[in-house]
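Visitor: I have a model open and would like to talk through a few of its local features before I set anything up. Could you walk me through it?

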Amino acid sequence: MAGARGRASLGRCWLGGKGGGWAGGSPACGIISSLCFMPAGLKRWLSSAAPAPRVCVVGSGPAGFYTAQHILKHHGGAQVDIYEKLPVPFGLVRFGVAPDHPEVKNVTNSFTQTARSERCAYYGNVTVGRDVTVPELQQAYHAVVLSYGAEDNRVLGIPGENLPGVLSARAFVGWYNGLPENRHLKPDLSCETALILGHGNVALDIARILLAPLPLLRKTDITAGSLAALACSKVKRVWLVGRRGPLQVAFTIKELREMINLPGTRPVLSPADFTGLENAIKDAPRPRKRLTELMIKTALEKPVEKPVEVQAAAAREWGLKFQRSPQEVLPSADGTRVRAVRMALTRLEGSGDSAKAIPTGDVEDLECGLVLSSIGYRSLPLDPAVPFDAQRGVIPNTSGRVEGVPGLYCSGWVKRGPTGVIITTMNDSFDTAQSVLEDLQVGTLDVSSSREGFGAVESILRSRGVRPVSFSDWEKIDAAEVARGRAAGKPREKIVDPQEMLQLVGH
Ligand code: FAD
Ligand code: NAP
């Protein structure tokens, strides 16, 4: 099966021919030697007549694509194959980023350019660790980069956590963003008060989706099913609860401002939580200072943008609660679902980012009908052949080189843990790609014998009944989604059933 390949650019020069034709043979030195602006590593590789380095990337989120992009840009002979478990690419850009933040998703344009490169191929619908093992990939490629993100979430580990009405933010986000595994979630939105545990940007995303006016959501790529459920939602109050104080919140100012300005809602911040904080932030780093000032302004001052009467008339409200650590989820009288969360009140030991929340011994019950636990994502081990630090939830590595396994690399959330925005992920993926390039240059990565790449993997997959989806297949799914969305006045209507995706591409 051929992946979608286009022409690859190298600085101001174009390299013709399919990279696959070079593998195992001498590259077209006649044409290439006359090319200018050639990176030193490429020149060395060309003159060595070594086989084309074949690199495999596992995962097609930002980490996978940025790693591939950097390798392809800085090594004109390398070929990169990207394997993705889902039929569709882009990881959390498609399944995490909020539907009302379409501008963030523009990164997929550059990922698409990468995937269309002649020296890059995309193989969706292949779960590494199940359909093909990491040792099998290592046999087929000179280097394997693991960029498979964080597919699970942290758990609270408290009684009642599994009661109906308690959901992970990860599942809720997956539901409104069309992640196949969450398409049947059916969150019960018949209560008036929802509690979100955690003070990160994911917590703000889900608060906004719960409270946003429907006309605003209708214009986004939120799934039809979740839009219909939100249209019937009775939720009109959302509390975001953190175990530490206002100086330790993990969300950022742009996202907080968006929440404060959300039409039809009013923020409810207790002035007592913010008194005296102005002094405490005098020497704080600028982003923390500005963020805290915005909270103080919202809590203490009369709002400028929204007159008091407008605020009072707002049908929906949200607020931040601090220094409350979840201790137990309490059931309704009949025991069938959540009624409240018992919070341990905390005091802070230490200051700044490293302050610790210590229970005071007092508790408070916060009544609610829906609990969304937004305390972070978590990576999982992939394959017994890959070391995994279960405590930190990462693959142990140095600059992306997996410890103790030459030729194996990692990038993105599975490399450094489940925090950081797309730009952070881009930088750490470039760092990993740089390690691969350096190892190619100094010979730590042995490319003296050619590797078959997808040719070898294809026969393994066929023997196991797995049919990969190419990038041009994805483009068919993409076109179908955009067409369905257009009919509904949306940028796209995501297909949420993988079987339907596969049927669309003739599988
Ligand atoms: P992912 O994006 O998760 O990609 C991993 C990929 O690997 C996925 O496609 C997955 O399907 C695939 N995979 C998993 N297991 C396998 C396997 N066994 N075999 C093959 N493939 C596999 N950042 C911003 O800058 N702006 C935002 O607005 C923003 N919003 C966010 C909203 C949410 C809810 C979340 C959770 C994060 C958000 N981020 C945002 C952060 C950003 O999404 C991450 O920094 C980035 O996606 C991490 O990239 P990654 O490639 O490591 O992981
Ligand atoms: P996060 O930023 O790490 O926030 C996690 C929150 O959960 C923190 O408030 C943390 O509190 C709390 N928490 C952790 N364990 C807890 C426990 N046992 N009990 C109570 N509270 C607990 O994670 P996230 O919100 O999942 O976001 C992940 C990354 O994606 C972040 O880097 C985020 O910025 C990014 N993202 C960005 C955007 C955007 O740019 N718009 C949107 C979404 C996500 P402590 O600080 O006390 O540990």
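Guide: Let us fix one term at the start: a residue is called buried under 20% relative accessible area, exposed over 50%, and partly exposed in between. Please also keep in mind that this is a predicted model.

Visitor: Okay, so where does S399 fall, buried or exposed or in between?

Guide: S399 has a relative accessible area of 33%, and because that value lies between the two cut-offs, S399 is partly exposed. The residue sits in the loop between strand 18 (397-398) and strand 19 (401-402), and its phi is positive, near 50°, although S399 is a residue other than glycine.

Visitor: Which other non-glycine residue has a positive phi?

Guide: Q323 has one, with a phi of about 50°. Q323 is placed in the loop between strand 12 (316-321) and strand 13 (324-331), and with 27% relative accessibility it counts as partly exposed.

Visitor: Switching to pockets: what is the volume of the second largest one?

Guide: The volume of the second largest pocket is about 470 Å³. The pocket is lined by 20 residues, of which K105, T108, D221, D478 and R492 are the closest to its centre.

Visitor: And what is the make-up of that lining by class?

Guide: The lining of the second largest pocket holds 9 charged, 6 nonpolar and 5 polar residues.

Visitor: Which elements give two or more residues to it?

Guide: Those elements are helix 4 (92-95), helix 5 (107-116) and helix 18 (471-487), and helix 5 gives the most, with 4 residues.

Visitor: R492 came up as a lining residue, so what does its side chain pair with?

Guide: The side chain of R492 forms a salt bridge with that of E481, at 2.8 Å from N to O. The pair links distant parts of the chain, since E481 belongs to helix 18 while R492 lies in the loop between helix 18 and helix 19 (498-504), 11 residues apart. Both partners count as buried, E481 at 0% relative accessibility and R492 at 18%. Salt bridges that share partners also join R94, D478, E481 and R492 into one network.

Visitor: How many salt bridges turn up in the whole structure?

Guide: A search of the whole structure finds 35 salt bridges. As general background, side chains of opposite charge can pair when their charged atoms come close.

Visitor: Which strands does the E367 and R339 pair link?

Guide: E367 is in strand 15 (residues 356-367) and R339 is in strand 14 (residues 338-349), so that the pair links distant parts of the chain, 28 residues apart. Their side chains meet at 3.2 Å, N to O, and both count as partly exposed, E367 at 46% relative accessibility and R339 at 32%.

Visitor: What about K254, how far is it from E255?

Guide: The closest N and O atoms of K254 and E255 are 3.8 Å apart, and the two residues form a salt bridge. K254 is partly exposed, with a relative accessible area of 45%, whereas E255 is buried, with 15%.

Visitor: Back to that loop after helix 18: where does A488 sit?

Guide: A488 also has its place in the loop between helix 18 and helix 19, and with a relative accessible area of 48% it is partly exposed. The C-alpha atoms of A488 and A224 are separated by 9.4 Å, although the two residues are 264 residues apart along the chain.

Visitor: Now the sheet, what is the strand order?

Guide: The open sheet of 6 strands has the order 8-16-9-10-12-11, and its pairing is parallel. Strand 8 (166-168) and strand 11 (265-268) are the edge strands, each pairing on one side only, and the twist from one strand to the next averages 20°.

Visitor: How many bridges join strand 8 to strand 16?

Guide: There are 3 bridges between strand 8 and strand 16 (residues 370-373), and these strands run parallel. In strand 16, S373 is the bridge partner of S168.

Visitor: Last one, helix 7: is it covered or exposed, and what follows it?

Guide: Helix 7 (residues 169-176) is mostly covered, with 8 of its 8 residues buried; among them are R170, F172, W175 and Y176. Helix 7 is followed by G178, whose phi is positive, near 80°.

Technical notes
Residues numbered from 1 in each chain as written. Chains lettered and ligands numbered in written order. Predicted model: local features only at pLDDT ≥ 70, side-chain atom pairs only at ≥ 80, totals over all residues. Heavy atoms only, no water. 1 Å grid on protein atoms, 1.4 Å probe; cavity = no way out; pocket = protein on both sides within 12 Å on 5 of 7 lines; lining within 4 Å. Points joined across faces, edges and corners; volume = space filled by probe spheres on them. Nonpolar A, V, L, I, M, F, W, Y, C, P; charged D, E, K, R; others polar. Salt bridge = Lys/Arg side-chain N within 4 Å of Asp/Glu carboxyl O. Buried < 20%, exposed > 50% of the residue type's maximum accessible area, 1.4 Å probe, protein only. Pairing = 2+ DSSP bridges. Axes fitted to C-alpha atoms, helices over the stretch in contact; angles between N-to-C directions.
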